[in-house]
Amino acid sequence: VSRQLKEEIRRGFARLEDPLAGLLAMLESSSDWKGKGHSLGYCITTELQLWIKEHPAVPQSGTKLKKLQARVLGMLSQCPANLLDPLISIYQLHTADRNYLLEHVSHLYLQGSYKEAAILSIKLKLQPDQDVEKMCTPLLLQDKTNLVEDYVAEYPELQRKLLETLDTWCDPSFNIRDITRPYQGLSRYKPEKFNRRVLSKLVFRLLERFNVDPALCPNVINQRHLRTLNYLFYKRFVEKTMTEENWADHIQSTVGENRWLQGHLVQSLLRHCDPRGAARWAQHCQVPPEMLPRAVAEELQQLHIQDRVEEVTKADNYDASKKKDYYQLPIPRENIHFLQTWEETLQCWEKVLQPGQVVGVDMEWKPSFGMVGKPRVALLQLALKDEVFLLDLPQLLEQAEAEGEKEKLSHFIQMLYSDAAITKLGYGMSGDLSSLAATCSALKDTEKQMQGVVDLLAVDKQVDGLPLEHSHEERGVRQPEKGLSLLVQHVLGKPLDKTEQLSNWEKRPLREEQILYAASDAYCLLEIYERLCKDPESFGLGSDLAESLVGKQSKKPRAKKQLNKREAPSPSGQECQGLRMEPSRPPAPISPQEFSVVCDNMLQGLGRYLRCLGVDVRLLDNEDDHRKAAEIARQEGRVILTSGLPYQTLRSQVGEGRCFSVNCSEKAKEQALQVLRHFNVQVSLSDIFSRCQ
């Protein structure tokens, strides 16, 4: 708002005998304030709010104020959201009679203005005197879950009541139509968004956001555990991709002493095993004998328990001879070190934190199977050329805390990730680091500070010729290799053995299979990196590996240079690191108005975000072929923003530096920052929303 207009508004207030009544009369007779954005009415209202603070004698009281409050209340349900707070403040609605306010909100509710009733209740803090189920049901039917969350946000008692209600609705015996029937004529009613699956997701979100004990929602928790149980049976008996011991660990921790889940366990056992096998597992999982069908109970009586349990652990149908089908660690077993004390760990860090070191980094955590909370890292793997270190994080954190050195672990990890002289190799580093931050809050900013990292997930999207499917028929249902296993297969010839991937990584001691799996996951990164550095062109990466291995370093495309294969580095060398870290001169700064792009159809969110910052953006529609981006770029002189495999095709169809690969796993804001930094686009305040109507 211009200074001249502000001064004129203030002179107007000074001339009015009753500024509060004057503002109300103006708003009631005005039409422009009902639109979106900062209307003249909004400017006048906010100026009056400031003016009142400077003139404390202005506020009214008594009968006169009550009449003004009644008029304002009638207006609030229709006014723009940005006027609510100023009007509530100016007319002191928080001092109005509470019963009168509740009556007004109730009137809005009965009119079917559910959203307006909820927003006004939040602003006036009326929730403790309202029925949370009644207020929130129509909002959930209209898919306004964010408003429901805001409604209970400051009231733990209401959070619990809402969660108990939602959990009741998720009981399989509950008829959801009983809830929806009274609201059949509801405007913007979205019945497809009101089912047990959607509601249970909401329950988990609320449990996590408000840090409520999950025991409050037994129906939702049981259903999630049942899905986990079915998934584990599928992995073990259909896919055959879980070892028996690994499977047994998860079954026991999922079912526990829950009678309902024990019943489902028995039914699943009978579907997949003969009565003798079912009896052995029922015993192993401590299912009460009275819950077993007669045939299984009879088998149980005949079993010599101890002998059978030993047989269970030995009778693993995952044949060791199949190991030859998978990637094998090229280092001896004694070079894998499981570290549980700080004395051992400090010796490890001395080796790892050496300038020029290349380190494969991976992490493992217990699968959450969709339960509440972010996973906490149970094992940190650091692979060097000749040895692998497995750090028992829970144990090390506990020791450090007992010794009063809580920050010891985070200090070392930050040193590792922020040192540009050490090359860190990972696969999907962003997910690993968010779990690391959940384990140790001091590490929450590690991703922003990291240097010298190579995320091989970026290579996964760029390597030519990754086969779409590979499987071993004898392992059961055809399961295509994917993720890191597929990359290992393509680059090193054999996939990773993922049978331990879903292990309980928190259980100690770790089994030998878990130790070998964890070491392999980290060490294979070193071998992939060495192979790609030696022969990038055979994988379609081009000799300028810097452009293919995307880390936090400069990503400016530059002319290809021949890499002498005799100089190809080993994981202990620095040549590849030197090539990758070579700085490039940033382009001259430009404004968003001078920057025009075409966004491929997987980056529509990024395109909309850049447009809000003033960039000239064209978006491909979902049904458009990726090649259309190259046509538009050539015709209109635009830069192509794309991701994954289309990048390989599109960059050859436009000039050098006119096609940019964006990380698809990032959110639109992070993607936009990546693009702006790369092309040196300088955004000013006047650019923001400059292209928006």
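**Close-up views of the predicted model**

**Panel A. Both Phe595 and Phe679 are buried in this predicted model, and aromatic pairs are the subject of the panel.** A search of the whole predicted structure returns 13 aromatic pairs. One of them joins Trp169 to Phe194, with a centre-to-centre distance of 5.6 Å and an angle of 55 degrees between the planes, and is classed as tilted. Trp169 belongs to helix H10 (residues 156–169), whereas Phe194 is placed in the loop between helix H11 (177–180) and helix H12 (196–210), so the contact ties together parts that are 25 residues apart in sequence. Trp169 is buried at a relative accessible area of 3%, and Phe194 is likewise buried, with 5% relative accessibility. The ring centres of Phe595 and Phe679 are 5.2 Å apart and the planes meet at 40 degrees, so this pair is tilted. Phe595 occupies the loop between helix H28 (575–581) and strand E7 (596–599), and Phe679 is in helix H32; the pair therefore ties together parts that are 84 residues apart in sequence.

**Panel B. Ring pairs link four aromatic residues into a cluster.** The members of the cluster are Phe233, Phe237, Trp247 and Trp281.

**Panel C. Lys134 and Arg224 each lie over the face of an aromatic ring.** The ring beneath Lys134 is that of Tyr109, with a distance of 5.0 Å to the ring centre. Arg224 is placed over the face of Phe204, at 3.9 Å from the ring centre.

**Panel D. Cys170 takes part in no disulfide.** The search of the whole structure gives 0 disulfides. For Cys170, the nearest cysteine sulfur belongs to Cys217 and is 8.4 Å away, whereas a disulfide is counted for sulfur atoms within 2.5 Å. Cys170 is buried, at 3% relative accessibility. Cys285 is also buried, with a value of 7%.

**Panel E. Glu8 and Arg11 form a salt bridge in helix H1.** The closest N and O atoms of the two side chains are 2.8 Å apart. The partners are 3 residues apart in helix H1 (residues 3–15), which means that about one helical turn separates them. Glu8 is partly exposed at 40% relative accessible area, and Arg11 is partly exposed at 42%.

**Panel F. Two further salt bridges are shown, between Arg181 and Asp178 and between Glu244 and Arg236.** The whole structure contains 33 salt bridges. Between Arg181 and Asp178 the closest N and O atoms are 3.3 Å apart, and Asp178 is partly exposed, with 42% relative accessibility. Between Glu244 and Arg236 the corresponding separation is 3.2 Å. Glu244 is buried, at a relative accessible area of 10%, and Arg236 is buried at 5%.

**Panel G. Salt bridges link four charged side chains into a network.** The network comprises Asp616, Arg618, Glu636 and Arg638.

**Panel H. Four residues make a nonpolar surface patch of about 410 Å².** The contributing residues are Val683, Leu685, Ile688 and Phe689. Ile688 is located in the segment after helix H32 (668–679). Its relative accessible area is 35%, and Ile688 therefore counts as partly exposed; this value satisfies the requirement of over 30% for membership of a patch.

Notes. Residues are numbered from 1 along each chain as its sequence is written. This is a predicted model: local features need pLDDT of at least 70, side-chain atom pairs count only at pLDDT 80 or more; totals for chains, interfaces and linings use all residues. Side-chain values use heavy atoms; hydrogens and water are left out. Patches are made of residues with over 30% relative accessible area and no salt bridge: like charges are joined within 9 Å, nonpolar side chains (Val, Leu, Ile, Met, Phe, Trp, Tyr) within 5 Å. Accessible areas come from the Shrake-Rupley method with a 1.4 Å probe; for residues, only the protein chains shown count as cover. Helices (H or I, at least four residues) and strands (E, at least two) are DSSP runs, numbered from the N terminus. Buried means under 20% relative accessible area, exposed over 50%, partly exposed in between (1.4 Å probe, protein chains only). Rings of Phe, Tyr and Trp (its six-membered ring) pair if their centres lie within 6.5 Å; planes under 30 degrees apart count as stacked, over 60 as edge-to-face and the rest as tilted. A charge sits over a ring if NZ of Lys or CZ of Arg is within 6 Å of the ring centre and within 35 degrees of the ring normal.
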